[in-house]
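Grab a coffee and pull up the model. Here are some exercises to work through with the coordinates open.

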Amino acid sequence: MTRLPHHVQRRWVRLGLLALSVAVSLSLGWRLLTAGHLSDDEQLVSWAGLFVSLAALVVSLVPLFPPLEQPRDSAQVADGLAVTVRAQWEEEVTARNLRSPHVIPLAWTATARPVAAPPEETHGGTVDARVLRLSLNGRLEGGFDQAARRLAEGYRQVPSGRLVVLGEPGSGKTVLAAMLNLGLLAEREPGAPVPVLLTLSTWDPVSESLRDWIARTLGTAYYGGRTEKPELLLSGSRLLLILDGLDEMPEAARRSAVRMINESCGEGTGVVLTCRSAEYQDVIEGGSPVLRRAPVVEISPVPTADALAYLSDVSWPAGVDWEPVHEHLRTHPDSPAAVALTTPLSLTLTRTVYSRCGLDPGELLRFDSSHAVEDHLLDHVITAAYAPPPGGAAQQDAEVWRREAKQADVYLTYLATYLHRHRERDLAWWLMSRRLLSRLAGYALGIGVGLAAAFTVMALGRLPGADDYLDYTRGTPVLIGLGVALLTMITWYAAPDRPPGRLSLRRQGSLGRIRTGFATGLKLTAILVVPIAAAVAVVVAFSAGLSEANSVEYLMVLAAVGGAVLAVGLALAVHAWLDAPPEHSTKASPSGLLRQDRTSSLTGALAAGAVLGCSAGPLWILGYSAAFIEFSSMTYGAVAPSSAGFIGARFGTAYDSIAAGAFVTLLPAAAFALVVLLTRAWPRFVVLRLVLAAQGKLPWRLIRFLSDARDRQLLRQFAGTYQFRHIRLQERLAARSPAPDRAPGPDARSVRRRRIMGVAAATVMVAGVLGVHRASFGDSAATFMNTGDIAGMAFSSSEPHVLITVSGKGAVRYWDTRTSKELDHRGTKIPELSDDDFVVTVSENGLVAGLDSDDGYDLRKISWNARKWRETSQVQEGWMRDDLPVGVSSGGRYILYAPASWQEGAGSSVVRVDRGTGAMREIPVGSYAFTQSDWAVSDNGEWLATSEGRSVVIFDEEGRKAASVVVGYGHAGAVALNADGTVLASHADGATRIRDLRSLRGG
């Protein structure tokens, strides 16, 4: 087994120790959260120490992640790229069957067209005042590898390293370029420029410079979409550019392309340019400069003797008679058939069609033009590609392959039309979604994902404890669905055309990638959060007024959102860390790029979602808690009572059930992972594939179909893209789908559609803002008091504006609800209640508690005067064994009991007992009767209140639900009603809120 170097072993040991330290620190932090024996000051000190320790740990990790060292030696990068490019083209030559049986003889001569640079410029020297002229004539024949080497030797004789190759359509320009590429790679010396064959049809010289286009193309094909190393190769003049297909660019862009090539490629950069003869002459005569220092050669037609020799080497099926055609070609060398068969394209098409389709080659003599002959061959090449070889299939299989050929013809025609409309040859799968999907696709996808999210939330609502997070009365599933839908739509339209990526894990440069990802997360969330926060502030100001309670509530929510923003930054930092620049080039193929992007997309999205799911809840709580503690400090001094325990209580509330984990962790993680995933190319391609397959335009497994078409010689692979085997095939298929006449008034419809989209987006945004306001701020908060965690509370019967609270540890405090200030009655202390006891209500001189006894629960009053407490006195004893007292009015007149049927799962009422008359009344409250929650009853007996999850529900004495208000982000705790039931005090999140109920219940 190979041993790791010592420095690598030491590095991994250090990383392991640091990981162990992180785990221990987090464990200690959790212990601090759950510890109940520490005082508030001790908990604050412990928390501060924990954060300081974690910060020191992060600082100590920095040296283990050195910055990314940019490669300085471009020669080494060039050598790696050369190996990759050669392997790719060796595979492509084999796939195209260019080595069997031998190459079609190709000859070229110096062109007679006035398109070449002056001879003295192409050579750069004179002898005895005579210009040295290059011998530009040549011929290739025999085996492919030998022909490629001879071609490379001939190119090296050009001193400038620049060459223009012209030819008629189908004359073999691209094959010649591929042979030159492989020949130069085979003889390349270490550190020499790398020949790279690029298709010019993807370059727009108006919007992108030549250098940027080359870097982007090579980066996508070989470096996972990163352009650092291609730019290094360009800066070091380590590339030899073989630019194929100037004629395939839009006519208006050709002159700019030649001019930019001259300007961008210095003396040390070799350039080979291919183009159709007539088109290149038009470019030069149209005002473009010639390619500087570049001789121009033109490929000659294949002689009739060579064409006959090539066709004679084929083993034709029985019954295929070529003798009449051969005789015609010898005697009529200028006939349409003879002219058509002077190009390598027509010869290879003829061999394919007549060796598979069982047609009579004599039909070639009936056409009146060479173009018609080529069209005839192109019309049958797809059928020939799917036909079995002679004797290779039984007759009964004919229906199967003919059906496959017909379906392939439909698919390839659609793809050819798509490429023709975009004036391209390269079929890049990652560009197809934006071009082929409807502009409404993002809206449809957002609606679908939003509905799925809403139904998922509703399904999660069946989990135990889900009621604490899911409020159907306020449309929580709808709000979540709207939010997910909006994020999906924004992501879909904000991140189109991203090239495929590649998963790369590198320690070098980690800090830079993390910093970039974190900054990106902050910027993106700020774009969404800032407008919504401002809109919510306006809504709060105009709907409920800028009271102290609303202002504090808004700032606390804003601080919590700030914690969530940090979580998004951390998630995107991890996502960026996984997107490291690759160390080496890799061989490109469409299926390979798809697999790489799928792996990178899923890994990055899952990692980002996991980080967000694990950090969003804690950071939200810490942000909310920090604002709460700061508000408490400003109100009560440096440390408010119970403020330190507030954080632990919030964590306990947020993660106390399966539903809590789903809503706080899994749901945000899944939503964020989906949003991150939609920024990548692979999921968009999946959406496109499913849509077009459902419409019957493309197959379900598109990449597999394209790979099969390549194996059948219908397509060819060009780095990470597919192309039709020749532009003539693409043009012929595209000609079958002429553009229909435009319907009148498309501009007006387009404007209306955009207006509808804008109105829909604005509606979703406004609904989201109103929903956030309604879900976050309730209905009519009036007063906010930092009471800390309490066990019970009640309004004073003598001073209606005074609220009395008692904590589980027995601390009694008095509050002025008008000013949110604590009155000067601190210090009263009563014995702590046991775990089986519970506070029912509180009064000025004591509290009423349910105390566990052998005969059931007794209602007993614990009294105090000034700062002393007295023994308990009995209020009501033994109200049946299993009946539970749950509430007493502030004046003590009414008592609420939970009947024994609660424990048996039957009944749906609470019992109100009038202590003065002994009258009993059952009040039907439905399913709320089964909740073990706090209850309150007004002193006039007309109104009841109970806590339910994050809300408090108000009932009248008939059991009708009068109102429901959200009281916080954690569980609602103790509740109290004033004498006439018009004011509600509700406790949640360590604070108490006072609300006027008259506006909510209509009086």
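The exercises below go from the whole chain down to single elements, and the model is a predicted one.

**Exercise 1. Get a feel for the whole chain: how many helices and strands are there, and what share of the residues is buried?**

Solution. Start with the elements: the chain holds 30 helices and 31 strands. Next, look at burial: 50% of the 1003 residues count as buried. Then turn to the surface, which comes to about 45,200 Å² of accessible area, with 57% of that area belonging to carbon and sulfur atoms. Finally, check the contacts between residues at least 6 apart in sequence: 68% of them join residues at least 24 apart.

**Exercise 2. Check the length of helix α14, then work out which elements its buried residues pack against.**

Solution. Step one is the ruler. Helix α14 covers residues 344-356, which makes 13 residues, and at 1.5 Å a residue these should span 18 Å. The expected span is 1.5 Å times one less than the number of residues. The end C-alpha atoms sit 19 Å apart, so the expected span and the model agree.

Step two is burial. The buried residues of α14 are Pro 344, Leu 345, Ser 346, Leu 347, Leu 349, Thr 350, Val 353, Tyr 354 and Ser 355. It helps to remember that residues three or four places apart in an α-helix point the same way, because there are 3.6 residues a turn.

Step three is the neighbours. Those buried residues pack against β1 (106-110), α11 (304-312), α13 (336-340), α15 (370-386) and α27 (727-734).

Last, see what follows the helix: after α14 comes Gly 358, with a positive phi near 70°.

**Exercise 3. Are the faces of strand β13 covered or open, and how does β13 pair with β14?**

Solution. First, sort the residues of β13 (792-795) by side. Side chains in a regular strand alternate between the two faces of the sheet. Gly 792 and Ala 794 lie on one side, Met 793 and Phe 795 on the other, and all of them are buried, so both faces are covered.

Now the pairing. β13 and β14 (802-806) run antiparallel, with 4 bridges between them, and they make a hairpin with 6 residues in between. To check the register, look for Ala 794 opposite Ile 804 and Gly 792 opposite Val 806.

Then zoom out. The order β13-β14-β15-β16 gives an open sheet of 4 strands with antiparallel pairing. β13 and β16 (821-822) are the edge strands: each has a single partner, so one side of each has no neighbour in the sheet.

**Exercise 4. Which strands stand at the edges of the sheet β25-β26-β27-β28?**

Solution. Begin with the layout: this is an open sheet of 4 strands, paired antiparallel. The edges are β25 (935-937) and β28 (961-966), each with a single partner strand, so one side of each lacks a neighbour in the sheet. The twist averages 15° from one strand to the next. For a closer look, take β27 (951-956), which is joined to β28 by 5 bridges in the antiparallel sense. Val 952 has Val 965 of β28 as its bridge partner.

**Exercise 5. How many disulfides does the structure have, and are Cys 265 and Cys 357 buried or exposed?**

Solution. Search first: the whole structure gives 0 disulfides. Then apply the cut-off, where buried means under 20% relative accessible area. Cys 265 is at 3%, so it counts as buried. Cys 357, at 18%, also counts as buried.

Conventions: Residues numbered from 1 in each chain as written. Predicted model: local features only at pLDDT ≥ 70, side-chain atom pairs only at ≥ 80, totals over all residues. Heavy atoms only, no water. Helix = DSSP H or I, 4+ residues; strand = E, 2+ residues; numbered from the N terminus. Buried < 20%, exposed > 50% of the residue type's maximum accessible area, 1.4 Å probe, protein only. Contact = heavy atoms within 4.5 Å. Pairing = 2+ DSSP bridges. Axes fitted to C-alpha atoms, helices over the stretch in contact; angles between N-to-C directions. Disulfide = S-S within 2.5 Å. Areas by Shrake-Rupley, 256 points an atom, 1.4 Å probe, with all protein chains shown as cover.
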